[in-house]
4 protein chains.
Amino acid sequence: MDLKEKQSLNKKTIISEALPGFHQMATWRRDFHRHPELAWTEFRTATRIVETLRQLGWRVRFGPEVTDDCARMGLPPTEVVDKEWKRALTWGADPAILEQMRGCFTGVVGEWDTGRPGPLVAMRFEMDALEVSEATDNAHRPHREEFSSVNAGVMHACGHDGHLATGLGVASALPTLQPYLAGRVRLIFQPAEEGARGAASMVAADILDDVNYLLGIHLGCNTHSIGQLVCGNKNFLASDKIDVLFQGVGAHAGLNPEQGRNALLAAATAAIHLHAIPRHGEGVSRINVGVLTAGRSRNTIPDFASMQIETRGINNRVNEFMKERVMQIINGASQMYGVKSSTTTTGKGCEAASDEPLAKIVLEVAQEIPLFNEPLLFCDFSDSEDFTEMMRRVQELGGMATHMSLGTNLAAGHHLPTFDFDEVVLPLGVELLVTLIWRLLAKNPEVMSGPQKNRLQR
Amino acid sequence: MDLKEKQSLNKKTIISEALPGFHQMATWRRDFHRHPELAWTEFRTATRIVETLRQLGWRVRFGPEVTDDCARMGLPPTEVVDKEWKRALTWGADPAILEQMRGCFTGVVGEWDTGRPGPLVAMRFEMDALEVSEATDNAHRPHREEFSSVNAGVMHACGHDGHLATGLGVASALPTLQPYLAGRVRLIFQPAEEGARGAASMVAADILDDVNYLLGIHLGCNTHSIGQLVCGNKNFLASDKIDVLFQGVGAHAGLNPEQGRNALLAAATAAIHLHAIPRHGEGVSRINVGVLTAGRSRNTIPDFASMQIETRGINNRVNEFMKERVMQIINGASQMYGVKSSTTTTGKGCEAASDEPLAKIVLEVAQEIPLFNEPLLFCDFSDSEDFTEMMRRVQELGGMATHMSLGTNLAAGHHLPTFDFDEVVLPLGVELLVTLIWRLLAKNPEVMSGPQKNRLQR
Amino acid sequence: MDLKEKQSLNKKTIISEALPGFHQMATWRRDFHRHPELAWTEFRTATRIVETLRQLGWRVRFGPEVTDDCARMGLPPTEVVDKEWKRALTWGADPAILEQMRGCFTGVVGEWDTGRPGPLVAMRFEMDALEVSEATDNAHRPHREEFSSVNAGVMHACGHDGHLATGLGVASALPTLQPYLAGRVRLIFQPAEEGARGAASMVAADILDDVNYLLGIHLGCNTHSIGQLVCGNKNFLASDKIDVLFQGVGAHAGLNPEQGRNALLAAATAAIHLHAIPRHGEGVSRINVGVLTAGRSRNTIPDFASMQIETRGINNRVNEFMKERVMQIINGASQMYGVKSSTTTTGKGCEAASDEPLAKIVLEVAQEIPLFNEPLLFCDFSDSEDFTEMMRRVQELGGMATHMSLGTNLAAGHHLPTFDFDEVVLPLGVELLVTLIWRLLAKNPEVMSGPQKNRLQR
Amino acid sequence: MDLKEKQSLNKKTIISEALPGFHQMATWRRDFHRHPELAWTEFRTATRIVETLRQLGWRVRFGPEVTDDCARMGLPPTEVVDKEWKRALTWGADPAILEQMRGCFTGVVGEWDTGRPGPLVAMRFEMDALEVSEATDNAHRPHREEFSSVNAGVMHACGHDGHLATGLGVASALPTLQPYLAGRVRLIFQPAEEGARGAASMVAADILDDVNYLLGIHLGCNTHSIGQLVCGNKNFLASDKIDVLFQGVGAHAGLNPEQGRNALLAAATAAIHLHAIPRHGEGVSRINVGVLTAGRSRNTIPDFASMQIETRGINNRVNEFMKERVMQIINGASQMYGVKSSTTTTGKGCEAASDEPLAKIVLEVAQEIPLFNEPLLFCDFSDSEDFTEMMRRVQELGGMATHMSLGTNLAAGHHLPTFDFDEVVLPLGVELLVTLIWRLLAKNPEVMSGPQKNRLQR
């Protein structure tokens, strides 16, 4: 056994002893799974994160300091927020912490400093759940093992509960490793990833500006079983989420239909023509009108309509093309029916690709962990994610970013009522991230020589 | 003063003494106004009618006997019915009476017999209120004088509360007049007129089959102030109310949009093309898609859509033309998008016109009552009403029918949150109807010679 | 036989002797039938009218004097005009007369003056034929008897050939009656009635301004056989004929479809939504997109589209409503697709109704002519006609107008390749018109007492 | 100079002497340019090819033997064919040869055999021109130098004239090289490439079945100047060209619009919804409605409509998806409007990619020719070509195929009225092809060792 092997063995042992056990990981995950909260109202989730990070010795920042007020998108109506606030209190959320989150400032940032100069590694974990009614049959493990959602109609059906547990796992492991590392680590717990609503507000609060390495991870995307790993996703689709409101004029449909201005028909024609936006020669484009609601009563010309739509593009240019045409069509359809219309952007994610040097480091690290039998360097993400907003900021300022897909066996696809995953992935994910941080923050200077040097030169 | 004048004076005095006073009329009306109930759940309203008719000495029939089970259209979902049932109980509805209405059999029929052979006069009064949130400012008299709706979101905004009071007024006046009349009177209290859902079911229960004269009345249609009266409305538009459901297939809008079957776009295109059904050379046609709801989430190809539509035509033939095209378009739109669709008729009214001989009798009667300074023989109704289903049955079997518009000053148009009317119309309406019944059932044989003879000959 | 009877017999004899015989009428009609010419290029037809009127002793006016340059609508392209001009020459049109029609001034007005003061009666006759290919089988009399069109693709399929013969018949009869009449007669031979393009330009040339009685007549509308007559048509639909041009941007449909601006889709969506303009509570409205042409090649985003549309309304207000919505929809559709659009009004007719006093005179006159066994005072026209532009001008200035339908047996409906009519109607029509003029211009003052007095007082 | 260099020099000299000069090439090209003919009526072009090949000593096959009757798509109407036939005769086409092409069998195949066993190399050249009106200004060289089209409205605007000259150039060079080669060469002159109509019929006539190497070439695609070359195009889009006919029922738009069945609106809605077919997750899809024509007159409900459309897909599966949806939409739109519809496939091309081993040989050959300063191995074609039908057949049977893009300076883009190219490319193209044939058919066995061995093994 030569020196390098020895060092490696040593490192493995040290890391292994620092990692939280499966039971702790599952406990965290199942607690979050039982208490899912929708975007921007992750009150109980966020207070729990704050408390746990503090217990683990992390410095914690939250409130408007880490989430820019104006850059938040798609906030729920006040009455919903009030209701959710009360629910969080009944779930035992600490009122003092909660108070600082008033106004939906649910983002949380944990800071850990080795005390030695070195790079800053940041990781992002999402906190919000989905409007999905969880399955209630015994084939569904969360139901069978009694950790299914107690919040009717809301469910962690995208794995964010697992991400949160993973974040806390990393938080619990790192302090032990302080003697071996140089630099800092930042854990970013982001609200409102669903609908791509939250990331931009944390970027706007400047918490990405000093990051050298940004890491993101998702359970089960582009992968299907324990042991699979994509080290760097690329070809994230740029995307905008847009709400549209049409305001028409009602009239009696029998007596004087000519006096109406039909908002339903304006929305209907807009919906159809949005889907008829031409394909783009540069590559992938997407459009969807996911929700359309119009009219109040059968015998009245409908005086309002609303639509929830989204655009996507292989790059920002294609997505911008889609948005321009969307606006043109909405304006044209409104004019056709003499109705007024307005649009609100409620979410957005830009084009992005993981940095190859960083993805290669992930690959090397993964190859040291026996369970990863199929690590892939790159994969097309082909979907949208607001993590790209964070990636862009870090990359623009000279840092590097990668977004990984971590394989686990799924009971059903994401966003479905029977979604569930093999929790074995949780300690494995923590091991990957902690080993990766070891590699990036190791006191060994050669690791630093690559990207960090670039960083300083830029 | 000759004999005829004497008789006339005598009649006026007798009738006048039989009529209920303004205070009683307003009390009834305001009680119903405070307790509005939606179609097919008029539980408290109907029990109150039953009780009052019984107190006034009328024989009362209700339950499936007067409302055919299968001919009812647009029934609310069971959970709504259960909730309304409980509400009615909390409002003090008699549980014993209520029990006989279980399953939404809220129609009530009062029968009164002079004991002498003669014609049967029937009158129809509607019981249901609207999904309208009543105004809460002091300019609104029901609010100011504290009889506004205690059922949030539901309001008697179409005057049916006044119709009910009028019906009870007639019920209270007639027994006193027994010595002077020959024949019978039937008061029909119909559920679910809004949406044209209830009349057909009472027709199907055969309660119109032996009627010689059918009378209907509406406050404030085609008229604007106290003293106006239309003796016979005609040109009711034939109409069908149809619910449409589209069932598609969801898919991720970013990853594999081609796997979806877009129910939203099928509905949107159906809506547009329904409005493009050609005008009809024979006369008035109407189409409206009043409500469209589709899709569940922004980033999923919508897997369902629903629409509430209505057709109208100047006559049954034109309305049938509209319906045929509606079905053609819904089928075609479904096929275009590979989705399934189904339609349900939730209401209907046929073409109809008041009988001229009967309207002329109304005119003569109105000319005897000084307040009616502007009685009109005929007016185009130009809207739909399920009273036409009752008219058709009576007319088919050789009887005569008329539908009157009774003028009163309105605070705002029908169906609006600030709708209210001048209650002076209530005793006036009772006087008109009671005088009309006197004329139709008078022991004087010459009155009978007109329509009744026709009736027997047919 | 009293004096009145004697006078009547005398009048009948005088008129009878003045009328042209059947053979002359058929000769004129068949000559026009063989040489049909499209709107604004009635060069040979008009020169023939000029020549014949002159031969019959009428003063003739034509050229820009009777047809306002700028008020003409829907003129054909120059190359078509040039071709038609040459064709007319080959058909023997007098070059000197033709020269004065250069620029499509094909309207002709004949003036006849009794030399005595009295009212001015004007009559309108249409000159243009249709783009219809005449039937070539022996069942079609014009083919069998060898007077079918020698202008391929063009046919007198609306009876204008018969109208022209009728006009010449009147022109030939009147001079003989000079001793018995007082006042003047004007025969207006109008170009381009099809598409409602010509009447407005003759109105704009002020040739209707001094008219007391305006008469129009149409063979076979609202009637089906010899002997039928409608004395006054009413409820002409107001109508506009509009051409629309969409100008987009082409692009390769495979390589860069996003660079196109799709004029075809803009036109397609405009067409659909034009048909979805709401029905009007006031009464009849109509819309039609009769022709749509778009695109040049299968694999190019279409860069142009054109549509021919028309609106109609029961009155000018409804027609204006339709036009406003048409413009709104065309603008909106253009905006949706980022294309430019322009519209041109190529024809129009206003609302109109015949004057009852004049129609009653027609009725009285018809009752004197035994063949008219079914004269009707009024009938709904329910279609559009640019004669209404002339009626409006005369009525606005205090005169009276009527438009009559003259029954005759038709071989097939108007505008069909097998259209033909029973020529017996031709002398009958002349007899009606001449007798009517006798009545209106008789030296007997009582006839004058009605409308003419009104006229002077207005 | 070693042996290999000597051989190379020797080969170059031999080839160089065999090649036709620039003048001959330009003469051929300009003759074809002056006499452009549309698809399936390349009568004069084909007879000229037959004559020239015969003069150069080639065996020539044409008529139904090389073009399968039933597999031909998009044939012109008989009256057009007759007219073009006569035009070809007036242009001096040999009547005897022409007679064998009766019925639009214009494909021609030239066969040349070295007399020694060896592979069969086939090349494809297109014969048809486009419906484009050639520019008539002096900036356009064909006009200036007097070889522009004498067939008004038809133009060689896609370079097929240059392809034909190149084919004849190869035909003239090869016989001289007989001593050095082993195997056979087949020159395929294909009709109706525009619209992808002709290739399948030559495939169906089995003329590709024994081909070892198939070569196709296009001037100016994916390249911009002399010296550029793409050795193998890939990612041809699968495509179908479809004509659609809608048959409705006419009616008077004013009197009885309800009696019509509107073919225009059926086509318009089909057009819109065709463009709204969802994007496909697998990759590029395209749809275009390039031409839409509907209706005959402004005031008639349109009784017919026709559309020219095309689908494309990154592979056959995606193209099939598009076609299925196209049929669904056309059927649905027809049903919506109660009209009948039918579709005809008038052209098609499958997915295809050039074979890498063969493209590499092209690259090696090009590198020997100094003018090719920028040869590329592969390029995405991203458009459709019916040459892919030939490629597929050869590849299915174990041969190899490549489609090359040959750079030349263009005066304007393909299909434009000012299209022209630098004729220097013509001898360069011949040199490339002849050198390539030398390489493929050289008596040197090593060349054969690659693909040919595979061929035999498959």
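This passage describes how chain A meets chain B and chain D in a predicted model.

The copies are considered through the operations that relate them, since two copies of a chain are related by a rotation about an axis and a shift along it. Chain A is superposed on chain B by a rotation of 180° with 0.1 Å of shift along the axis, and the RMSD of this superposition is 0.1 Å. The same surface serves both of these copies, in that 98% of the contact residues of chain A recur in chain B. Chain A is likewise superposed on chain D, here by a rotation of 179° with 0.0 Å of shift along the axis and an RMSD of 0.1 Å, which is the relation of a two-fold axis. Of the residues of chain A, Ala276(A) comes closest to this rotation axis, its C-alpha lying at 1.9 Å. Because 100% of the interface residues of chain A are also interface residues in chain D, these copies too meet through the same surface.

The interface of chain A and chain B brings 41 residues of chain A into contact with 40 residues of chain B. The size of an interface is often given as the accessible area lost when the parts come together. For chain A and chain B the buried area is about 2,900 Å², and carbon and sulfur atoms give 54% of this area. Three residues, Ile272(A), Leu292(A) and Arg298(A), supply 24% of the area that chain A buries against chain B, which is more than any other three residues supply.

Polar interactions also cross this interface, where 18 residue pairs are found in polar contact, with both residues of each pair at pLDDT 80 or more. The elements of chain A that give two or more residues to the side touching chain B are β7 (238-247), α9 (263-275), β8 (285-294) and β9 (304-313). The largest share of that side comes from β8(A), which contributes 8 residues. When the side of chain A that touches chain B is divided by class, it has 17 nonpolar, 16 polar and 8 charged residues. Between chain A and chain B the count of salt bridges is 2. A salt bridge is formed by Arg298(A) with Asp243(B), and the closest N and O atoms of this pair are 2.9 Å apart.

The strand β8(A) also pairs across the interface, running in the antiparallel sense to strand β8 (residues 285-294) of chain B over 3 bridges. In this arrangement Leu292(A) stands opposite Ala294(B), a residue of β8(B).

The contact of chain A with chain D takes 13 residues from chain A and 13 residues from chain D. The area buried between these two chains is about 960 Å², of which 49% is given by carbon and sulfur atoms. On the side of chain A, the residues that lose the most area to chain D are Ile272(A), Arg279(A) and Arg286(A), which together account for 60% of what that side buries. Ile272(A) is thus named in both settings, among the leading contributors to the area buried against chain B and among those losing the most area to chain D. The count of salt bridges between chain A and chain D is 0, whereas the count of residue pairs in polar contact, both at pLDDT 80 or more, is 8. The elements that give two or more residues to the side of chain A that touches chain D are α9 and β8 of chain A. By class, this side has 6 nonpolar, 5 polar and 2 charged residues.

Over all chains, the structure holds 148 salt bridges. Within chain A, Arg87(A) forms a salt bridge with Glu37(A), the closest N and O atoms being 3.3 Å apart. This pair links distant parts of the chain, 50 residues apart, with Arg87(A) in helix α4 (residues 78-90) and Glu37(A) in the loop between α2 (22-34) and α3 (43-55) of chain A.

Terms used
Residues numbered from 1 in each chain as written. Chains lettered and ligands numbered in written order. Predicted model: local features only at pLDDT ≥ 70, side-chain atom pairs only at ≥ 80, totals over all residues. Heavy atoms only, no water. Contact = heavy atoms within 4.5 Å. Buried area = accessible area lost by both parts, 1.4 Å probe. Salt bridge = Lys/Arg side-chain N within 4 Å of Asp/Glu carboxyl O. Polar contact = N/O pair within 3.5 Å; in protein donor to acceptor, adjacent residues only side chain to side chain. Helix = DSSP H or I, 4+ residues; strand = E, 2+ residues; numbered from the N terminus. Nonpolar A, V, L, I, M, F, W, Y, C, P; charged D, E, K, R; others polar. Pairing = 2+ DSSP bridges. Least-squares fit on C-alpha atoms with pLDDT ≥ 70 in both.
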